[in-house]
Amino acid sequence: MTSIVSGLQGRPPKEHPKGYPYVAGRNNVIACAKHFVGDGGTERGINEGNTISTYDDLEKIHMAPYLDCISQGVCTIMASYSSWNGRKLHADHFLLTEVLKNKLGFKGFVISDWEGLDRLSQPHGSNYRYCISTAVNAGIDMVMVPHRFDQFFEDLTYLVESGKVPMSRIDDAVERILRVKFVAGLFEYPFSDKSLLNIVGCKLHRELAREAVRKSLVLLKNGKKPEKPFLPLDRNAKRILVVGTHADDLGYQCGGWTKTWFGMSGKITIGTTILEAVKEAVGDETEVIYEKYPSPDTFVAGDFSFAIAAVGEEPYAETLGDNSELIIPLNGGDVISLVAERIPTLAILVSGRPLVLEPQLLEKADALVAAWLPGSEGSGIADVVFGDHDFTGRLPVTWFRSVQRLPMNVADNTYDPLFPLGFGLTYKKEKSLH
């Protein structure tokens, strides 16, 4: 995903000095690579947790993407809330200064996370001067202080005047911040160009987002028998039943960090839900019936050709998303079972991660698609399930059988996943593996 850096900032010329920030022009914005470093490898995946590893593994696995970001001239890097072998990253001079700035040659600025300094004492922020001196001396250049900025100014001034934070450290931080601001042209053009506003969410953007949805879908099952695939669906079927909490909820499709910090339900932005996409995709003679929670009466005289059940997770962010059970919430599994026992069913799972798929649930569903968090363009799902495009997505993570088997590593001798890393079916029937 590091190519997003050049997408935001522009691609630096070949002669651009290594490690220095780069912004191509006024139509570009500075990028931030985060969270340095190891936040994707915390024990049991806990947010703000502890990454237990050797330095060699930290460098080989978790630091590698930052090398690519730095080579693209990334302007800023954010420190992680998490720890490495019990050491808070916001206070780690070795990693922030000796490694990131000196060894890797990063010349942009290091920014703290939201109230990241407060987390250096317990209770949070209880010894604020200690928090500030520890983080700034470790190598934090810009501090994200959402609330107590008056106290921050006062305490940092005291720390500098008393010599507990050297002026050389302040000079280094200011130099790095000014370097990025000069590169970004903020002194010549301090405000954004409002004429660009109409580009955001334009037709071209939505077409690209729709393409991204198509390419990210992973087909996990297609038919109860290999010789009889269930997908693609017949767009000219007489009657289609669409069910589930995620069939007609744009907020659920978008997930966390949309509209609010942890996301929300409903029509929170402009876009197309899965239900709306299905209605757009089917023929003029096809009747689409929608029930979020179908009752047994629905099936009495339904005469449905097939059903689409869209279920999954409610939006979440950060610690609110920590989950040790990972079952399909909102009775999603029950909804799939209820429908699939009566009608041939495509199950669409909308989630930010793999969830537990019980064997009987897998057996009942005729087809299963991992849609992840498709965002605003639900039409990308209809494009693929109705056969206008083939599936190309492959699992970027292992799909586990049960949470008791976590963590799973593809290199382990005991590796026994439900679906292995790189798995993904296509209409051409082959199984795709890395």
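**Entry 1: helix 4 and its ends**

I began at the start of helix 4, where a side-chain oxygen of D92 reaches to within 3.2 Å of the backbone nitrogen of F94. A reminder to myself: this is a predicted model. I then went to the other end, and just after helix 4 I found G105 with a positive phi of about 75°.

Which residues of helix 4 are buried? I noted L95, L96, T97, V99, L100 and K101. K101 will come up again below, in a salt-bridge network.

**Entry 2: from helix 4 to helix 2**

I stayed with helix 4, which covers residues 93-103, and looked up its K103. K103 forms a salt bridge with E59, and I wrote down 2.7 Å for the closest N and O atoms. E59 belongs to helix 2 (residues 55-62), so this pair ties together parts that are 44 residues apart in sequence.

Are the two partners buried or exposed? K103 is exposed, as its relative accessible area is 51%; the cut-off for exposed is over 50%. E59 has 28% relative accessibility and counts as partly exposed.

**Entry 3: salt bridges within a helix**

How many salt bridges does the structure hold? I have 26 in my notes. A general thought for the margin: side chains of opposite charge can pair when their charged atoms come close.

I picked helix 7 next. Here the side chains of D172 and R176 meet in a salt bridge, at 3.1 Å from N to O. Both residues lie in helix 7, four residues apart, which is about one turn of the helix. I checked how covered they are: D172 is partly exposed at 24% relative accessibility, whereas R176 is buried at 7%. R176 counts as buried because its value is under the 20% cut-off.

I then turned to helix 8, where E207 forms a salt bridge with K203 and the closest N and O atoms are 2.3 Å apart. E207 and K203 are four residues apart in helix 8, so about one helical turn separates them. K203 counts as exposed at 63% relative accessibility, and E207 as partly exposed at 38%.

Which residues do salt bridges with shared partners join into one network? I listed K101, D141, R169, D172 and R176. That brings back K101, one of the buried residues of helix 4, and the D172 and R176 pair of helix 7.

**Entry 4: the nonpolar patch**

I looked at the surface for nonpolar side chains and found a patch of about 370 Å². V174, L178, F182 and F187 make this patch. Where is F187 found? F187 sits in the loop between helix 7 (167-183) and helix 8 (203-216). With 46% relative accessibility, F187 counts as partly exposed.

**Entry 5: the sheet**

My last stop was an open sheet of three strands, in the order 2-4-5 and with mixed pairing. Which strands are at the edges? I noted strand 2 (50-51) and strand 5 (87-88), each pairing on one side only. Strand 4 (residues 83-84) and strand 5 run antiparallel, and two bridges join them. I also looked for what stands opposite W84, and found R87 in strand 5.

Conventions
Residues are numbered from 1 along each chain as its sequence is written. This is a predicted model: local features need pLDDT of at least 70, side-chain atom pairs count only at pLDDT 80 or more; totals for chains, interfaces and linings use all residues. Side-chain values use heavy atoms; hydrogens and water are left out. Patches are made of residues with over 30% relative accessible area and no salt bridge: like charges are joined within 9 Å, nonpolar side chains (Val, Leu, Ile, Met, Phe, Trp, Tyr) within 5 Å. Accessible areas come from the Shrake-Rupley method with a 1.4 Å probe; for residues, only the protein chains shown count as cover. A salt bridge is a side-chain nitrogen of Lys or Arg within 4 Å of a carboxyl oxygen of Asp or Glu. Buried means under 20% relative accessible area, exposed over 50%, partly exposed in between (1.4 Å probe, protein chains only). Two strands pair if DSSP finds at least two bridges between them. A polar contact is a pair of N or O atoms within 3.5 Å; within protein, one must be able to donate a hydrogen and the other to accept it, and residues adjacent in sequence count only if both atoms are side-chain atoms.
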